[in-house]
Structure formats: C-alpha cells, structure tokens
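Subject: Handing over a structure, with notes on what was found

Dear colleague,

I am passing this structure on to you, and my notes follow directly below it. Please read them with the structure open beside you.

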Amino acid sequence: MGRQQYPTGTRLATPAGNPGWQQLQGSDPPLLEIRTVVWAELFHFRWALGYYEYDASQIPPGFFVTALGCIVLGSNGEIVAHASDDMDCDDVEVDLDCDDDDAAVYPGAPELCDGKDNDCDGACDLEFDSDGDGDGYTACPDSTGSLAGPDGFCGEVPTGANFDCDDARGDRNPGLVEVCNGFDDNCNGLVDEGLSMACYDGPAGTQDVGQCMGGMTHCIRGIQSACTGQIQPMVEACNGLDDDCDGPVDEGTPDMTCGLGVCRVTVPYCAGGQPQQCVPANNASQELCNGLDDDCDGLVDETCPCVHVSAITGVDTNTGSSNDPMATINAAIQHAATTPGSPNIVCVASTTSCSAGNWTFYNEDVVMVDGVSVYGGYEPVVGNAWVRDPACNTEIRGQTGPAVYFGHSVGSQTLLDGFVTSVVTNSGMASSAVMVIEGSAGAVVSNCAVFGGHQGDETYGILVTDDANGNPATPQILNSQVQGGDGTELSVGIFSHKSSPFIQGSCDPSRIDAHGRCTGGCWNLKSIRGHRSISVYPERSFGIWLNHSPGARVDQSAVCSQGGEDAAAISISGDAAGVQVTRSNMTVWGGYTSNDGILLDDCGGASPWIANNDWISSEGDSSGNSLAVGVRSIGDCHPLIEGNLGITGGGEGSANHCRGILCGVSQSSGVSSRCAIVGNQTINGSNGGLPPSSYAILCEDGACGLISQNQNINGRGGVDAMGVYLIGTSSAVLDRNVIQGGCGPTWVTGVFADDSTARIQNNIIGTSLCADIGATVTTDFVALWVANGGAANEPDVHSNAIFGGGAPSACLSTGLVLDLAPWSGTPTGPLGIYRNNLIHPGLCDTSLGVWERSVDADPRIFENNAVVAGLSVDAMCLDEDTTILSSESQLNGLSDMIVGGNIDQGCGFTYTPGSPVVLPSSSVCRNNGTPAGAPAWDYYGDPRPVESAPEIGPDEFQP
C-alpha cells in the first residue's frame, strides 16, 4: 500500500485480534486516534507474540503501521497505542535502539546538529565540527564531542546558533545577503525574503510625471519578476492627460487641414482634452485670375483666358484661341510656357455634344511644365468662350510611358484637373504607371480619374517618387478616383516612395457626414483602389502604399483594395514620421493570405496618426484560411489609433481569422509595436458571422502601449471570440474601456491575459449577449481569463468591474478564471495582483465568481475585491479546482497567497452589456478599497480617492 501520512485527529478502526495493540478506552467498535502525523509502511505486522501476515483487503481503509508496529500519541504526548518492541516507531527494536523514546535517534540515522547522538555511534555532532566549504562557518559550531551524561544525552545547541546551513557550498552562510535564486543564502530559514522592490523601466525623469508611475518587482521562487503595475510614457493622445510624461498635456497632437483654395484652414485636432472639428473658412468669392482659388473649388483661375486644345478640330500650328485651337496637349503646354504674353492655362475640349456622354481621347504622353496648369472637360462652342461641363469626358491615354509626368522642375503650383487618364495595353512590361510625379513640389492632381494599366508585373495608378538626386515629391492629389490596374505581382492605386503626398477628398460628396468624414466605400464611387480586375489577382494589392514617406497625409477619402495573396487598403512602411490617415473609409477584401484595412510595418520607430476615420474594415477570401485585420501594426512602428468610429476584422459570413486591431512583433528585428488605441467608438473582432477566431484587439509579445477610453471593444462573433487578447504583453495599460467578449458556440472571453504583465485598471469587462449578433448560444462565458507561465510575468488588475455575462440558461459563466499557460512553462510561484475589483459570476445556470483551474494558478495578491457568489454553485471561489469557498472568511483565510479585505457582496448596480456603471451612495463598495496600487483616477476621469479610501470597482463616488 506504500507510505501514507494522516492528519491529526484521524480515527482508525483497530484490526481485530491484534495482541500488540491497545485501543482507546470506551470505544465501540475499537478505535485508535492519531493525535500527531504518523508515517508508516505496510508489509507485515510483527508483534511480541510473533509474525502475522495480513492481506491488504483485510486492513480497514486508512489504517497502516510500520514493520514493527506504530506508536500513537495522545494530545499531551502520552503513548495511547504502540507495538511492544518499538516504542518510538522508528523501525528499530528496543534492544537495538540507543534511545527508543526518540524517533530521530537510531543506528544509521542522519546526524543532526541538535546535541544528540542521532546515529548511535557514541558521539554527538562531531561530524559537523569543521568548515567543509571554507567560508568561515561550520555546520555545527557548538559540537559537544563524545557521548556523556545519562542516557547518552550530550546537551543542546544554544538558541540562535550562527551555523552554516549548507557546509558543502560557500555561497550559503549567515554572512551573505539574500539574492533571488530560490535558496536560503543567509541561512535564516527563509528563501528569497525581502527582495520585492520598486522598479521603473521608462526614461529617466519621467517617473511620477503625468500618468507615468513606477511598479514593483518581486522574487518568485528564484525568478525576479517583470516590473508589475508601472505605466511608461506613451504616444500623446487627445485625452486631457500627459501621456508622454513630459509635463504639458495633449501637446504635439497633429493639426487638421480642410477646405480648398482660400477657404482652406488648418486647426488643432485637440482642445481641452477633446477632439475638434475642422470647418473650412467661408471666404469663397468670384474667380479673379490672380493665381488663387478664389471660389474654393480646387481650381485656380479656371475661368480665365487659356490656350485651347481640341483633338477633333485643332491643329498644333494654330494660335490656341477658342476659334483656332491646337490639337495636342503637349503642344499647347509648350506654347503657354514659351510664348510671351500667353496665358499659363491650357483648356482641353471634348466633343460638341457632351450631354450625350461622348469621350474624346488624347493619345499622347503629357509632360507637365512648371506653372502651366491643364484643365479638361470643356465643351467647345465656336465663336464663344468655352464652358466646362461635368458631362464632358476628356481622356489622356499614355502611349509609351506614363499618360502624365510631373518632373522635379515643376516646383510651383501646377494643376492637372478634370481628366480621365490611362495607358494603352502593353504586354510584357515590368511595370506600368498611368501617372508619375517625380521630385515635384508643385504638382496638383484634382478631379481626375486615373485607371492603372491592364498588364505588367507591377501596375500603379499614380507613382509618387523622389528624383535621381533624392529630391522628394510633395504633390497634392485631390478629389480624384484612382485605380491600380491589373499587375500580376503588385497593384497599387497611389504608391509613394521617399516622398510626401497630400491625398484628400477622394470620396463621393454625398457620402461626407457632418463631421467631414467620408462614409462611402469604393463601388462605383470616387475612391482610391488597388487591384481592379476580379478575374486575375496579383501577389500584393494596395489602395495606397506610403513607403518612406514622412509627412504624407490621407484625408477624407474612400480607400480600398481587392484580391491577391496580400491585400491592404493602406500600407505604411519605412520612415513614417508625421504620417496621418484621417476622416476616411478603408475597406479590403478577397486576399487569400492576409487582408489589412491599414498595414503598418516597421515604420522607423514613428507614430503614424490613424484618427477620426469613419470605418476601417477587412474581409478575407471566404474560400481560404486567411487573416483579416482592421489595423495591423508590426515591429518598430507605434501608431496612435484614436477617435475612429469603427474598426473591424471580418465581414459577414467570413471563414477567416479576424482581428479588429493587431499589434505585433517583427520576426526579423524582434521589436514589438507599442501602439496606442485611444477613444475609439467601436472595435470589433468580426463584423458578423462565426469565423474560426475573432479578437477585437490582439497584442502579441511585448506589443501594445496604451488601450484607453474605447467605448466598445467587442470580439463579436466567432467560434473563439475575445475582446482583448494579451500575449506576454510588456507594460501594456488597459484603462477606462468597455470590453466585451462577443458570442460563439464555445468559449467567449472579455480579456485573456496570457503570461502577461499588463496593467488592467478602471475597465468594464464582460461578454456580449448572443442576441446581439444572432449567433449560436455560447456555452461558456469568461469575463477575465488569466493564464500564468514560467517567466514570472504577472498582470496587475485594479479597480475593474468584471462581469461573467451570459444569460439565464444552460451555460457556464465566470467572472475571473485563473489558469496556466503551459506553452510558457509552469509558474514557479503565485502570480498576479488583484485589488479593488468587483467580480460578478454572470447569469448562467452554472456560475462562479473566481475559478482557480489549477493548484499552480494561485494569485500572489488578492485584496479588497467584491466577489459575488455563483448562482447554482454557491461559490465565491473554486479554489484549486476542487474546494468551494462560499464566504469571505474562507477566502480571506487562504494561506497560499497574500489575501485580505475581500467581501462577498456586489456593489449595488445592475450591469447592462456595453453600459457604464455608477456607484450608488449606499454601496458596500464605497470606501472599502485599498489605496495600495490604486489608479489616480476612475472610469470617468475623476480623481480617487475622494473620501477616506478608494472605492471597489471602476467608479469613484462623488459626494
């Protein structure tokens, strides 16, 4: 049966007919009572009357003895029952034992430094009378030498003797300082004591400035933990806080530009901690032929005298008047540039019957000249001034090169307006661009439709690049429709390389809302789009690609891409300092490997600004197993994703893995994106359907900085649905968010912290109702799931409202699950700090407040939490997956963690998914929290504490 151990008070039935045993007086049936722990082995019993063999089945359950019999001691140490020939139960007969009253003394016993002859060799403690490891400390400095005194008693080692606890190792003795290694270095009987200390990993001079604060690091069984609870500098967001911890508040947030011509204004995005609107100035007037856009329509002097061009009636040797037009655009440009007194505008005609929608083609490669603007779409009226008509179609069709070229010499404002541009079909071309802007500082492309080439390895609508001398191009691309073409390897609507374009207004005017945001998509509307064909997909397709394009801006535009192996509406790579994407609508679909509404990849450590956009969405190829992401930021790129109305991963019926926002680590550099996600209205994992996995926000190893004040973070629909998934996240801060797990057929989780060091504070965390999306009912709901690993990473969870969610039906809901992350090793000790949280089990038929799923999943600190017991299982906590704790006294009495101040009541408000919480004045949670580690503000931004102590939960009551 092996060796067993029994706790004090165990009562065992006495085997019948054992002459060597005494029984408790008055017991019937005969009983023995173990008042101390007894170790024993069962082989056979040897009594004074001889040997007796017993089959195990004949021994009552739980009754075991040594080979010689077992002594049972009473409450005062008296022998209650024993075998007659082994009084101390040490398996040595009395006639061979030098002290049969002491179980630690017998022949062959290990010698101890206790003043006794443990091994019966006639000497006490002499084995220790040396310094075995040469560190100046002996294992037993008070050895008493040879046996002396009655009954072999030598004496006692003086209390507090300063002896070596490991005389075989010189790095352990009473003279050493304790270090974090899992051993008792200073021989005081404690391991790794006193090694918790303050820590801060941010730049010097930033601690305790603004929202930055230090944390604590702890020695957990030989491993120094990461710095837990700290807040380091983040990207400055528009939130009334000093996020970058340099003193000023909301400084450095980008400006906004809106309006055209003399109506254009630039205003700060942020004022008083709130995003502002940009309203164009009301300065429009009649066009005055003064080099300005006086009527604010994006055109300069368009009603002024010009050189006229008509492909139907013109001749290049003509004068260029309305009655004597020239035939080609290039000839008219040269005439305007070289003829003294000539107008610096070229007016290009369509047919005389524009109302019928007829087209006029100009089959030439147009080269723009500095200061000479070219306007298309005129209806030629013989003998009268030509009039521009929206129904007039003028198309420049490139023959051997791009249809339109702006070179470095175009340095002053030079417009191309009102044209359709394309290139002829050229098979076998390595690359094809409809329009090239190379090193130009003055190029303006407005009100044009640019259709990328039909063939070639790489096709572009507009290629914006530096020139041979490294001069960047800084064009304006306004109110235009651009498509990338049908390249087999790469298709891009607008590709910017080492340049800084300003792209604005590519949106149908009927789709611009009251805040100036573009709310329309790409189908049959003014937009910027990557791949065009639906029959042949390229390897990569981008609506806009900003590569090494600092200062580039995309505003008030509809941008999308379709098909290919990898697709993105907007891709940002290389140096991206000052890049902005604002007031736009981004959509991507059909990529069969990856799909990104916005893709940011190793952008030189910059913080591009993705703000105030209407919709950023992604949907993969429904036939494949692709990844669909709203915004993906990888590596040394740290965007501010702020104030957007909607960001989502997959669309309805998508069979792909969906992420609303993914911030991750670069596999090549190992750098993680410290993205800031602030003040967004909705972030969904999927937009509908039940994809295999759907996460609203995924933070890979070391990724994510600040996730704050987002109104609705929701995994939405997915077989595996989560609101926020934190994987080994270093110092990420989740503050003042509403987070919902979503709905699906199996597990749904609000926040999953996987071997993470995140600071999670002031959040409302729960799970969605399946009725919200019409999905199959979820069977298991978890608000906050924490999995600890072997790296001594621990989350700091403070002042949250954590609701298990679910519905009154046959399901399982849990407020907090404590679990293991076996893929990162088994924890060396308790991990995790939980203070001042309201933890509610949810509404399912089976519900738990806290579920500890493993004996190794203990939190390190669990203080001042309000834990509501489950419904059908009356459990505040299921401890180590076995023991139900149904009262605060049981919870506060646990010995395997730092625990105290927890209560078994709620805070007195009803939770509705997605809604904020307000603490009632009579709440038991009022003034019942601990100030240890408490955030300086609450969910609403109010300071805490207001009264004698902080509240439990995210709301600080305002008396």
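His 308 lies in strand β19, which spans residues 307-309; here helices (H or I, at least four residues) and strands (E, at least two) are DSSP runs, numbered from the N terminus. With a relative accessibility of 10%, His 308 counts as buried, where buried means under 20% relative accessible area, exposed over 50%, and partly exposed in between, with a 1.4 Å probe and protein chains only. The side chain of His 308 reaches the backbone oxygen of Cys 306 at 3.2 Å and the backbone nitrogen of Ser 322 at 3.3 Å. Both are polar contacts, that is, pairs of N or O atoms within 3.5 Å, of which, within protein, one must be able to donate a hydrogen and the other to accept it, while residues adjacent in sequence count only if both atoms are side-chain atoms. Leaving aside residues up to four places away in sequence, His 308 touches Gly 320, Ser 321, Ser 322, Pro 325, Met 326, Cys 347 and Trp 386, a contact being heavy atoms within 4.5 Å.

Before going further, please note that this is a predicted model, in which local features need pLDDT of at least 70 and side-chain atom pairs count only at pLDDT 80 or more, whereas totals for chains, interfaces and linings use all residues. Residues are numbered from 1 along each chain as its sequence is written, and side-chain values use heavy atoms, with hydrogens and water left out.

As for the chain as a whole, it has 2 helices and 73 strands, and buried residues make up 56% of its 959 residues. Among the contacts with a separation of 6 or more, 69% are between residues 24 or more positions apart.

Strand β19 comes up again with helix α1 (residues 329-338), in which Ile 329, Ala 331, Ala 332, Ile 333 and Ala 336 are buried. The cover over these buried residues includes β19, β20 (345-349), β21 (359-362), β22 (366-367), β23 and β25. At the start of α1, a side-chain oxygen of Thr 328 comes to within 3.3 Å of the backbone nitrogen of Ala 331.

Two of these strands also take part in a pocket. The second largest pocket has a volume of about 450 Å³, and 23 residues line it, with Pro 390, Gly 418, Phe 419, Asn 447 and Cys 448 lying nearest its centre. β23 (373-379), β25 (393-398) and β31 (449-451) each supply at least two residues of this lining, which divides into 9 nonpolar, 9 polar and 5 charged residues. A pocket is an open set of points on a 1 Å grid over the protein atoms alone, with protein on both sides within 12 Å along at least five of seven lines, and its lining residues have an atom within 4 Å of a point. Grid points are joined across faces, edges and corners, and a volume is the space filled by probe spheres set on the points. In these classes, Ala, Val, Leu, Ile, Met, Phe, Trp, Tyr, Cys and Pro count as nonpolar, Asp, Glu, Lys and Arg as charged, and the others, Gly among them, as polar.

The largest pocket has a volume of about 600 Å³. Of the 28 residues that line this pocket, Gln 274, Pro 275, Gly 643, Gly 679 and Gln 711 are the closest to its centre, and by class the lining has 8 nonpolar, 17 polar and 3 charged residues.

Further along the chain, Ile 833 lies in strand β66 (residues 833-835) and is buried, with a relative accessible area of 5%. The C-alpha atoms of Ile 833 and Phe 862 are separated by 6.2 Å, although the two are 29 residues apart along the chain. In the loop between β66 and β67 (838-840) sits Asn 836, which is buried at a relative accessible area of 0% and has a positive phi near 60° in a residue other than glycine. Asn 612, in the loop between β45 (609-611) and β46 (615-619), likewise has a positive phi of about 60° without being a glycine. Most residues other than glycine have a negative phi, and most peptide bonds are trans. The peptide bond from Arg 944 to Pro 945 is cis, with omega near -5°.

Cys 907 is found in the segment after β73 and is buried, with a relative accessible area of 3%. Not counting residues up to four places away in sequence, Cys 907 touches Leu 838, Ala 866, Leu 919, Pro 920, Ser 923, Cys 925 and Ile 952.

With best wishes

Note on methods. On a 1 Å grid over the protein atoms alone, a cavity is a set of points where a 1.4 Å probe fits but cannot get out, and a pocket is an open set with protein on both sides within 12 Å along at least five of seven lines; lining residues have an atom within 4 Å of a point.
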